[in-house]
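Reader: I should like to learn how to read a structure of this kind, feature by feature. Please take me through it.

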Amino acid sequence: MNRSRLAKSYKSVLPYFLSFIISLPAFSQVTAPTAPSGTAPTSTGAQGTPQSGPRGNSGTTGGNTQSGAGNPQGATQQGGAQQGGNPQSGNPQQGNDGQGGDKGKNAANQNGQNAEGGDQSKINTSTSTKLTPEEQAKEAFRQKIYGYSIFADKNLGLIPDLQIVTPTTYVVGPGDELKIYLYNYAESTYETVVNKDGFISIPRVGNVMVAGRTIEEIKKILIDKFAKFVPGMIGTGGEGARTKLMVTLGEVRSVKVFVTGEVINPGTYTVSSLSSAFNALYQAGGPNEIGSFREVRVVRQGKVVSKLDIYDYLVNGKIDGDIRVQENDNVVVGYYLKRAEIAGMVKRPGIYELTPEEKLSDVLRYAGGFSDKAYRARLKIQRITSKERKILDVPEEQYDSFEMATGDSINVETVLDRFENIVTVEGAVMRPGEYSLDNSPTLKKLIENAQGMREDAFVGRLNVLRTREDLTIQTIPINFTDVLNGVTPDLVLTRLDQIIVPSRFEMAETAFVSVEGEVNNTKIGENEGKFPYTTDMTLEDVLVQAGGLKESAYTSEIEVVRRKRNSVAGAANAQISEVYKFNVNRDLSLNSKATNFVLFPFDQVIVRKSPNYVEQQTVFVEGEVLVTGPYTIVNKNDKISDIIKRAGGLTELAYPEGATLLRRTIVKNLDEAVDYTEVQQTEKQIKQGTLTGDLPNVKEEKIGIVLKNILKNPGSFEDLVVQEGDIIRIPKRLETVQVTGSVLYPTTVKYGKGMNFSDYISQSGGFTVQSLRKSSYIKYPNGNIDRTRRFLFFNVYPKVQPGSEIFVPTRNAPALNTQQSIQTATTLLSSIMGLIVTVLAFRSLK
């Protein structure tokens with residue numbers, strides 16, 4: 001008894017131990033090679049030494065499920081259950097060795113006693129992750145076939161859960177473990193295994209033939225057997241049996257099933273006896289690209305015992321013909337007979353297989369029906385004939401009766417982006433927008449549905465824009481007042497009619513009053529200086545809207561310019577405007593006669609600047625004065641001497657000969673648009689003396705002044721009147737002279753008293769061959785320029801002052817060398833002598 005319990009414990013633990021061994025890295029890296037079509041490939045085994053089976057690859061020894069001993073010669077596909085791995089008991093064409101079984105897809109028997117390879121998730125390693133382009137194209141085509149994805153999902157469980165209530169219709173066979181319970185009046189428990197001859201052995205009962213019988217039939221047989229020596233098994237006197245008998249399954253057997261035909265991996269598979277035909281088909285990968293999903297046959301002993309329609313499972317969630325498989329059952333998948341593809345605006349595009357009696361509506365049903373924006377009225381179907389293709393248009397009413405042909409391609413298009421019953425109302429109505437023609441068949445009804453017209457509606461003439469059949473637009477004018485009064489019949493609308501109700505405000509010109517000049521607020525949005533006109537608007541009202549008067553306003557003469565609306569047409573002296581002048585107080589009040597002056601639309605109010613009002617103006621003094629900085633112009637005729645005097649006069653280091661006056665003015669190009677904001681910013685920088693850099697619209701003048709003479713004779717001709725923004729610069733005493741241009745060594749030379757122009761040229765290396773001496777000039781520190789003059793054949797160079805800049809330009813043409821000069825002179829003399837001889841000859845002839 002102890003040995004029997006030990007053996008059972010060993011058998012129950014062994015599969016889990018084998019699964020653990022397989023999951024180790026050293027074992028998990030071993031994959032089964034891919035077998036050719038029609039042959040089940042091997043999978044990794046659990047234990048043993050690699051041996052060779054019939055036509056098999058090297059594998060491990062098969063385990064005997066009865067004794068647990070390994071077969072040293074190698075087991076066949078069946079794994080050697082009960083036979084100890086006899087090679088002749090396996091299928092030679094499926095001859096893969098070891099515990100692996102078929103193609104790595106044979107799941108371990110969950111009762112742990114079969115040796116078919118342990119954990120399924122660790123066996124399924126035979127599929128290569130690298131596919132050829134042909135295989136990738138084939139796989140992509142399979143993915144379009146409806147139903148293929150359920151077989152491609154390897155996360156789905158392959159073998160049913162064995163922890164279920166024992167089915168009473170289960171047919172018992174060799175290898176099944178039966179558990180027999182007696183309870184109530186008499187209690188006892190028996191555990192037995194069906195031997196290979198189909199018998200079970202029970203103490204005192206003996207051998208009972210159970211193979212090929214259902215659980216319900218075995219229960220009845222055992223009740224008759226136990227009734228001979230167990231009291232209360234059969235009820236008497238109208239009472240039920242006092243001792244109850246229950247038969248359940250313990251460990252179940254494995255069966256060999258053939259999956260053939262058009263499947264992904266045809267071959268022989270070892271499955272649990274509780275598995276169904278669908279489980280076996282799933283292990284084989286399901287139908288291939290030409291296999292049928294609508295008729296899967298289960299052949300048993302040469303007869304078709306059941307037919308499966310996989311679509312019944314996919315669509316309805318059930319398969320009536322999915323029976324439990326038995327030993328040597330054959331699950332056969334044939335070719336498809338009719339298949340059609342549907343694409344476009346359906347919920348599930350793909351390829352669908354049809355039975356001979358199914359119609360176009362069935363294809364749409366399998367595809368989940370139309371999507372929301374599908375064009376349902378008509379479908380286009382491309383059909384392949386015996387010679388070429390043709391296209392069929394199927395209206396909606398024929399979907400239930402239209403016969404499909406294999407290879408048909410259905411394209412479901414989207415609906416047109418248009419409305420079949422739309423009319424539009426725009427303009428002065430309460431609710432403009434789009435309306436249904438069904439609910440608004442006439443103009444009067446449409447206006448009513450739009451909740452009527454607004455108060456500003458111009459009902460005398462509505463425009464109805466109608467789109468004709470040729471897509472041209474027709475305008476239909478309607479007097480809606482006549483329609484309301486019954487004078488004109490109501491207009492019947494058509495699709496795409498557009499009704500425009502004009503507004504009186506839109507038809508009227510927008511009136512305004514403009515204000516220009518010295519007011520605080522002249523910008524109202526984009527309309528600069530324009531204020532909306534209102535009835536009975538007065539001059540005081542518009543001045544308040546303009547923010548009041550500036551300090552600089554000339555309040556004595558504020559003008560209102562009004563258009564002349566009744567002038568004489570064609571007259572040369574016709575009056576085109578009227579001008580009204582007003583004396584407005586600072587509190588915006590007028591005298592009693594002018595107050596409440598009512599403005600007209602488009603009046604122009606002009607507030608001029610006071611002639612006596614001048615803002616402070618500033619000039620700047622820089623350099624060698626006692627106090628540098630900005631100085632305000634006191635009198636309009638302030639001169640340079642006045643500003644220098646206010647600055648405290650010159651310092652001892654000042655160099656008055658180099659004093660300059662810098663004046664900047666803004667130049668406005670009349671051909672280009674003026675950015676007034678930028679101009680105002682530039683003017684502000686000029687007034688503040690903070691303008692830096694060169695700007696394209698700013699003209700900078702450097703005026704040379706003779707400050708020594710100005711200070712000696714203030715108010716003289718040389719003493720200029722200063723302007724706002726002027727900068728007076730007085731440098732320090734300068735002691736250098738700069739020589740640039742076409743000299744041998746341009747440099748800066750120290751000024752020396754008594755040195756002339758040529759001396760500075762000599763200290764710069766002298767003239768070059770390319771020097772244009774007669775055009776040399778000098779620029780003095782105050783900005784004045786003096787040039788070289790000619791006297792007979794001599795150059796008279798200008799006088800040099802400290803801080804001057806001498807510039808020698810370069811000759812354009814290259815200079816002649818000595819030989820070229822002699823040749824040129826000789827040619828010129830020859831020409832002159834020839835001319836003289838000619839003249840003398842003419843005189844002698846006279």
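**Reading the fold, step by step**

Author: Residues 24 or more positions apart make up 61% of the contacts in the chain that have a separation of 6 or more. The model is predicted, and the chain contains 18 helices and 39 strands. Of its 846 residues, 39% count as buried.

Reader: What is the mean pLDDT of the chain?

Author: The mean pLDDT is 79, and 78% of the residues reach 70 or more. Over residues 1-128 the pLDDT is below 50, and this stretch has 245 contacts in the model beyond near neighbours in sequence.

Reader: How should a sheet be read? In what order do the strands stand in the open sheet of 3 strands?

Author: One reads the order of the strands, then the direction of pairing, then the edges. Here the order is E2-E1-E5, and the pairing is antiparallel. Strand E2 (188-193) and strand E5 (243-249) stand at the edges with a single partner strand each, so one side of each has no neighbour in the sheet. On average, neighbouring strands of this sheet are turned by 15° against each other, direction ignored.

Reader: How many bridges join strand E1 to E5?

Author: Strand E1 (residues 177-184) is joined to E5 by 7 bridges, and the two run antiparallel. As one example of the register, Leu178 has Leu249 in E5 as its bridge partner.

Reader: Which strands of the sheet does helix H6 touch?

Author: Helix H6 (residues 215-226) packs on the sheet and touches E1, E2 and E5. The direction of H6 makes about 140° with that of E5.

Reader: Which strands stand at the edges of the open sheet of 5 strands?

Author: That sheet has the order E24-E21-E27-E25-E26, with mixed pairing. Its edge strands are strand E24 (530-532) and strand E26 (577-582), each of which pairs on one side only. The twist from one strand to the next averages 20°. Within the sheet, strand E21 (residues 512-517) and strand E27 (residues 604-609) run parallel and are joined by 4 bridges. Gly517 has Val607 in E27 as its bridge partner.

Reader: Is Arg562 buried or exposed?

Author: For a single residue, one consults its element, its accessibility and its contacts in turn. Arg562 lies in strand E25 (residues 553-563). Its relative accessible area is 7%, under the 20% cut-off, and Arg562 is therefore buried. The side chain of Arg562 makes a polar contact with the side chain of Asp603 at 2.9 Å. Beyond residues up to four places away in sequence, Arg562 touches several others, including Ile576, Tyr580, Phe597 and Phe600.

Reader: Is Asp329 buried or exposed?

Author: Asp329 lies in strand E10 (residues 329-335) and counts as buried, at 0% relative accessibility. A polar atom of the Asp329 side chain lies 2.7 Å from the backbone nitrogen of Gln326. Among the residues that Asp329 touches, leaving out those up to four places away in sequence, are Lys256, Phe258, Arg300 and Arg324.

Reader: How is a hairpin recognised? How many residues lie between E28 and E29?

Author: One looks at the two strands and at what lies between them. E28 and E29 form a hairpin with 5 residues between them. Strand E28 (residues 618-623) and strand E29 (residues 629-632) run antiparallel and are joined by 4 bridges. Thr618 stands opposite Thr632 in E29. Val619, also in strand E28, is buried, at 0% relative accessibility. The C-alpha atoms of Val619 and Thr632 are separated by 6.3 Å, although the residues are 13 apart along the chain. Val619 is also in contact with residues such as Ile643, Val722, Gln723 and Asp726.

Reader: What is the general idea behind a nonpolar core, and which residues have the most contacts inside the largest one?

Author: In soluble globular proteins, nonpolar side chains tend to be buried together. The largest nonpolar core here has 49 residues, and those with the most contacts inside it are Ile342, Leu360, Met404 and Ile410. Helix H7 (residues 277-283) supplies the largest share of this core, 5 residues. Apart from its neighbours within four places in sequence, Ile410 is in contact with residues including Ile342, Leu360, Leu379 and Met404. A second, separate core has 24 residues, among them Tyr170, Tyr190, Ile202 and Val252.

Definitions and conventions: Residues are numbered from 1 along each chain as its sequence is written. This is a predicted model: local features need pLDDT of at least 70, side-chain atom pairs count only at pLDDT 80 or more; totals for chains, interfaces and linings use all residues. Side-chain values use heavy atoms; hydrogens and water are left out. pLDDT is the predictor's confidence in each residue, from 0 to 100. Contact means heavy atoms within 4.5 Å. Two strands pair if DSSP finds at least two bridges between them. Axes are lines fitted to C-alpha atoms, for helices over the stretch in contact, and angles run from 0 to 180 degrees between N-to-C directions. Buried means under 20% relative accessible area, exposed over 50%, partly exposed in between (1.4 Å probe, protein chains only). A polar contact is a pair of N or O atoms within 3.5 Å; within protein, one must be able to donate a hydrogen and the other to accept it, and residues adjacent in sequence count only if both atoms are side-chain atoms. A nonpolar core is a set of buried Ala, Val, Leu, Ile, Met, Phe, Trp, Tyr and Cys residues joined through side-chain atoms within 4.5 Å.
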